[in-house]
Amino acid sequence: MKPIRTRAVEEVCCSPFLAHIDRSDCGSMIDASFPKEPDKVTSDNNLREEQLYTPSPPPIMADSMEIDDSLYSRQRYVLGDSAMQQMAQSAVFLSGMGAVGVEIAKNIVLAGVKVVTLHDCKRCEVWDLGTNFFIREEDVHSQRKRVEAVHSRVAELNPYVQVSVSTDVLDDTTDLSFLKRYQCVVLTETKLNSQKRISNFCHAQQPPIKFISCDVFGISSRVFCDFGDTFEVSDPTGEEPKEFFIQTISQGTSGVVMCMDSRTHGLQTVLSPYSFAIGDTSPFQPYTHGGIFRLVKTPKTISFETMEQQLSDPQLLTPDFSKPEVPLQLHAIMLALDAFLEQHGRLPNIGCLQDAELLLKITEEINKTLTSKVCINEELVRCVSRCARGCLSPLAAAVGGIASQEVLKALTGKFTPLQQWFYLDAMEVVQPVQSLPTEEFASRGDRYDALRACIGETMCLKLHTFHVFMVGCGAIGCEMLKNFALMGVGLNRCSGEICITDPDLIEKSNLNRQFLFRPQHIQKPKSTTAAVATLEINPELQIDAHLNKVCPATEDIYSDVFFSHLNVVVTALDNVEARRYVDSRSVSNQKALLDSGTMGTKGHTEIIVPNLTESYNSHRDPPEEEIPFCTLKSFPAVIEHTIQWARDKFESAFSHKPSMYNIFWQSHPSPQDVLQRLMTGESMEGSFQVIKQLSRRPTHWDQCLALARLKFDKYFKRKALQLLHSFPLDTRLKDGSLFWQSPKRPPSPIEFDLNDPLHFSFVVSASRLFAGIYNIPYSEKSLSYEAVSRVLAGVDVPEYKPAEKHIETDESIKKPDQVKVTVSSEQERVAISQLQETISLNFITAERLRMTPMFFEKDDDSNGHMDFVASASSLRARMYAIEAADRLQTKRIAGKIIPAIATSTAAVAGLVAVELIKVAGGYGFESFKNCFFNLAIPVMVFTETAQVKRTHIRDGISFSIWDRWTVFGHEDFTLSGFISAVREKYGIEPTMVVHGVKMLYVPVMPGHNKRLKLTMHKLIKPSAGRKYVDLTVSFAPEVDGDEDLPSPPVRYYFTRESGSNTV
C-alpha cells in the first residue's frame, strides 16, 4: 500500500477548568442549491448529448441553501449538509448501461447529484432483461437503444437531478475535452485501453476529474478509483466526535487527563484507555471540575496514481481474509480478460476449454509483469473463463452499491475513498456446478441467459420454483425484489412464489432509497405497490403481497403449515425484536433465513441455514444503556438528555395522559358515579390525574396559550429555582466534595421573553398540541406574534414559592408508574372538591370526557411535534448550559432515526441474493459467507457463518437449536405416558415438564406426582383447533448437585393425525 499523508488525528488543548477539543467543520460550505429547473447540458466536441426527458421542476425552496428534508432526511444523517450541497452542484458522466452501470445510475440519482449524463451505444437484447431492471420487453422487441430505454426511468427517480444521454462512440479517437465539465467520470463495459486513456486525461486536469471504473464479468468484479495527486478528505469516517467528562488534570510538564467514571476515550496515542497526556500544565491553576474534551475531526490528504501506473503494482483492498491471495489473483485474471477481449473482440466462450487455456496462458504472462507475483489459481481462471460472458446480477448490485459510494466520495470529500482497487468474486457459487456439462450453461434465448451462463439451467430452475417469504418491503425489501426479478425467483409457470408482507404505507422520505416507489405512491401500501413495480421488471413472477405484521398475533396466518411450503425466509426489517421473532419461527420450522441490515454506510448480512449454522437468536447484543431517571428529570449533562426529556414530555402530556383519560371515562362513563364512589372512600386507579385534567380542561384557544405559558414557567424557571433551593451552589456531599460538579450542571432559571424565537416557538407549539388533544379549533392568524403577545399579556403567572420536596439523586431508581402513584388524603379531598365543582357548573359533556391523543410523527413539519421537542430540548439545554443541537440532530435523536443511504442498501441486498443461490443449491457449510462492511472507511469483511453448536446431554445423546423431538398422543394420553414415550423414543427420562411459564410436572412440588395420572388435554387445556404444543423438558444430572440437563423443544401432538397434517 502506498503511504497516505495525514494531519494529526487528535488535538487537545486545556484550560484551568476545561480540556476542550472544538469540533471543526473541515468541509467548505458551497453556495449551491438543488436545481429548481434542470439546466440544459450542451453537446461538446465528438460526443452528442440528447435531452430525451425533462423532469418536472422540483418544489420551490425557501432559500438557496435549503435541502428537501422530507425527501433526503435519512441520507442527510449519513452525508451531512455540506456534502449534500457539494453533490447538488456536481456533474457525473457515466458510461455503460449494463448490469453495474444501471445500478450506479440508480444510486447516484437517488443520492441527489445535480447532473448525470448516461452514455451507451448498445441496443436492448433479451439478455438485458435479466441484468438491467429498467429495460422492458417492449424495449427489446423494438431494438431500442439501452440508454434511451433506461433514461426516463432513471430520471423519474429524483426530480432534483437532471439526467441527459449520449449515444456516440467513446473510443481511442474521441476528443476527451468534453469531460472537463464533469467532476467525476465513471466507466463500465469499457475496454482497458480506453480506461487507461481516460484515466490519464482525468488525472492530468486541474483540478483532477475523479475517475472510477467498474466491471463485472460473470462471477468476478472490480472497482478502480483515481481521485488525483492530492485528494482532501474532510471527514474520513463519518463517525460522531466523542465527548467525555474529565475527572482530573494533573499539574506538571506532562499533564495527564483522566476520564470520569473510567470511560474509555478512544484516542490513538495515549497512556491508558482512560487517560492521555496533553503537554505542560504547570503554568495553570489547579484543575477544579467541569472539564469536557471532544475529539476534533481533521482532514487528510490522499494521493492516487493513474490506472496505467497501478496496473503492475496495485493497491488492493482485501475483503476475505480466509483467501488473502485472491484479490491479486483476480487482478491478473481480469487484466487477462481485458487482453483476451482486445485480441479476439470477444470474451471467452461458455465452457470452451481452448479459451480457458488461452486465458490461463495470458494470466501467467500478465503475472510476470506484476511487481508482486502471485500463485495463479488455475481453477479460479477456468471458473472466470466459463462465466465471463454471463453476469451474476446480485454481484453487480453489490459492486454497484460500492462503486456508487465512491462516486459520492469523489464529489464531496466525505469519507475515505477506496485505494485503489477492489475485487469481489462469487467463486463459492459456481464451484459446485463446475463439473456439469457445457449444455447446462448454454444460451436458451431468454432473459435468464446471463444468469444461466454462471450457475447453469438446473440451478436456474431451482430458483424459478422457489417459495420465498420476505418480511418487510422497505429499502432492502425493494432491492431484494429487484434481485429476485432479475434472477427469476418464484416464477408462476414453475409454481414458485414470493410472499411479501409489510403493514407500512409509503412516505416521501422513503423515495430517497426505496427505488420501486414514486411520488404518486405516497400513502399507498408498500407491499402491494412494490409487488406491482416488481412485476414490471419481470412479469413472470408470482407475488403474493400482504399488509400484515409477522408476530404472535398473526400466527394463524403465518402458521407452521404456511412455513412448511417455504424454501427460504428473507428479512428486510428495521428492528431487532421483529428479527428475533421471525428467526424463532424459521428455526422452529427448519427454514433457512437470510438476514441483513444497514445503518448509514454500514451493512451486515447473516446467513442462517438449518443444521449448519447458529441462528440470529444465538447471539445477543448488549442492551442499550438507559439514561437514569434522576438524570433525565433533574441533572442532564449532555444534549441527548435534554432531547429525551423533551420527547418524554411530549409522550406524557400529549399521548399517555389523553389515552389514560379516555380509558378512564370509557370504564366510568358517569362522573356522578365516580364522585359517589370516591366519597365512600373507594380507591379508583388514575382518578386523581383524570379529575385534575377535567377540571382544568381549556375550552378555547386563549386558554391553550395560557396553559403553554404556565408550562414554560414550570419547566424552565421554577424547576431551576427549586433545584437551587434544594441544592444551593455551595452544597457539599458527605465526602466534602461539591454536589454541583461534573457531570452535574447547576441550572439557571430562564425568564420568559416572547421576543426570543425559542420562547415563542415553545409556547406556540405547545398551545397547538394542547388544542389538538382538547379538540379546540384555532386559526393561522391566532399563531401570529401580535395575537400571541396580546393573549399572553393577560396571563397571570403565579409567583414561585420554594417547596420542601424530595428530589431523587440515586441513579439506580427507576421512573415511578404515574398511574399507580400514591395519592395523599389531602389530594383525594381536593379531587373530590374539583369534581363536585365541575359537576355543579354543568361543565361536563360527552365531548369533554374525550381527548384526542397525539402520536409523535417526526417527518411531518406541519404538525408542531418537532417544533415542541426541538424548542423544549433547546430551552432545557440553555437552562443547564449545554450546547444545543440543531433541529436535524434533534429530530434524529428524538425520532430514533436510523441513517440510511441507497448505496449500502443496494450492496447488502446484492450480497444476500448471492447467498440465496447457495441456499437453493443446498451447498455445504464452507460455501456460506456472512459479511460486514463500512463503505465509509472503506472496509468489507467476509467471514464463515457461525457453525451450529451441539449440546451434550449424555453419552450418545446431544442436540442443537435445529433439533426438535416429537411425541404423538391421543385423547386419553396421560402425563405418565408422555414421560414414558420420551424415555422409550430418546433414551432418557424427563424429570421436569414445562409448558410456557406453567410447570406441568416438577417432582419436588407438592401434588405434582398425582398429575402423572392426568391426561395431557386436562393439564394443558389447549384452545379449540390447537393441534400441538411445544414443551420444555429437562433431565436429572449424572452427578448429584449438578444442574438439570436441558433438551430440545418437545412438540407434543394431541393426536397422530394432527401431526401428519401439520408437518
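Is helix H5 (residues 146-155) largely enclosed by the rest of the structure or exposed, and how many of its residues are buried?

## Helix H5

This is a predicted model. In it, 8 of the 10 residues of helix H5 are buried, so the helix is largely enclosed by the rest of the structure. The buried residues are Arg146, Val147, Ala149, Val150, His151, Arg153, Val154 and Ala155. Arg146, His151 and Arg153 are thus listed alongside Val147, Val150 and Val154.

What do these buried residues pack against? Two helices and two strands contribute: helix H3 (99-111), helix H4 (137-141), strand E6 (115-119) and strand E7 (162-166).

## The five-stranded sheet

Strands E29, E33, E32, E30 and E31 form an open sheet, in the order E29-E33-E32-E30-E31. The pairing is mixed. Strand E29 (965-968) and strand E31 are the edges, and each pairs on one side only. From one strand to the next, the twist averages 35°.

Helix H30 (residues 975-986) lies across this sheet's strands: E29, E30, E31, strand E32 (1028-1035) and strand E33 (1050-1053). Helix H30 runs at about 130° to E29.

## The E30-E31 hairpin

Strand E30 (residues 990-995) and E31 run antiparallel and are joined by 3 bridges. One pairing can be named: His995 has Lys998 in E31 as its bridge partner. The hairpin has 2 residues between the strands. There, Gly996 takes a positive phi near 65°.

## A nonpolar patch

Which residues make the nonpolar surface patch of about 290 Å²? They are Met999, Val1004 and Met1005. Met1005 sits in the loop between strand E31 (998-1001) and helix H31 (1016-1020). With a relative accessible area of 33%, Met1005 is partly exposed. Patch members need over 30% relative accessible area, so Met1005 at 33% passes that cut-off.

## Positive phi outside glycine

Most residues other than glycine have a negative phi. Phe415 and Lys1021 depart from this pattern. Phe415 has a positive phi of about 85°. Its place is the loop between helix H11 (393-412) and strand E18 (421-425). Lys1021 has a positive phi of about 55°. Lys1021 lies in the loop between H31 and E32, which puts this residue beside a strand of the sheet described above.

Buried or exposed: how do Phe415 and Lys1021 count? Phe415 has 2% relative accessibility and counts as buried, because buried means under 20%. Lys1021 has 61% and counts as exposed, because exposed means over 50%.

## Cis peptide bonds

Most peptide bonds are trans. Where are the cis bonds described here? One runs from Gln206 to Pro207, with omega near -5°. Pro207 is in the loop between helix H6 (192-204) and strand E9 (210-217).

Another cis bond runs from Ser742 to Pro743, with omega near 10°. Pro743 is in the loop between helix H23 (701-726) and helix H24 (757-773).

Terms used
Residues are numbered from 1 along each chain as its sequence is written. This is a predicted model: local features need pLDDT of at least 70, side-chain atom pairs count only at pLDDT 80 or more; totals for chains, interfaces and linings use all residues. Side-chain values use heavy atoms; hydrogens and water are left out. Patches are made of residues with over 30% relative accessible area and no salt bridge: like charges are joined within 9 Å, nonpolar side chains (Val, Leu, Ile, Met, Phe, Trp, Tyr) within 5 Å. Accessible areas come from the Shrake-Rupley method with a 1.4 Å probe; for residues, only the protein chains shown count as cover. A salt bridge is a side-chain nitrogen of Lys or Arg within 4 Å of a carboxyl oxygen of Asp or Glu. Helices (H or I, at least four residues) and strands (E, at least two) are DSSP runs, numbered from the N terminus. Buried means under 20% relative accessible area, exposed over 50%, partly exposed in between (1.4 Å probe, protein chains only). Two strands pair if DSSP finds at least two bridges between them. Axes are lines fitted to C-alpha atoms, for helices over the stretch in contact, and angles run from 0 to 180 degrees between N-to-C directions. Contact means heavy atoms within 4.5 Å.
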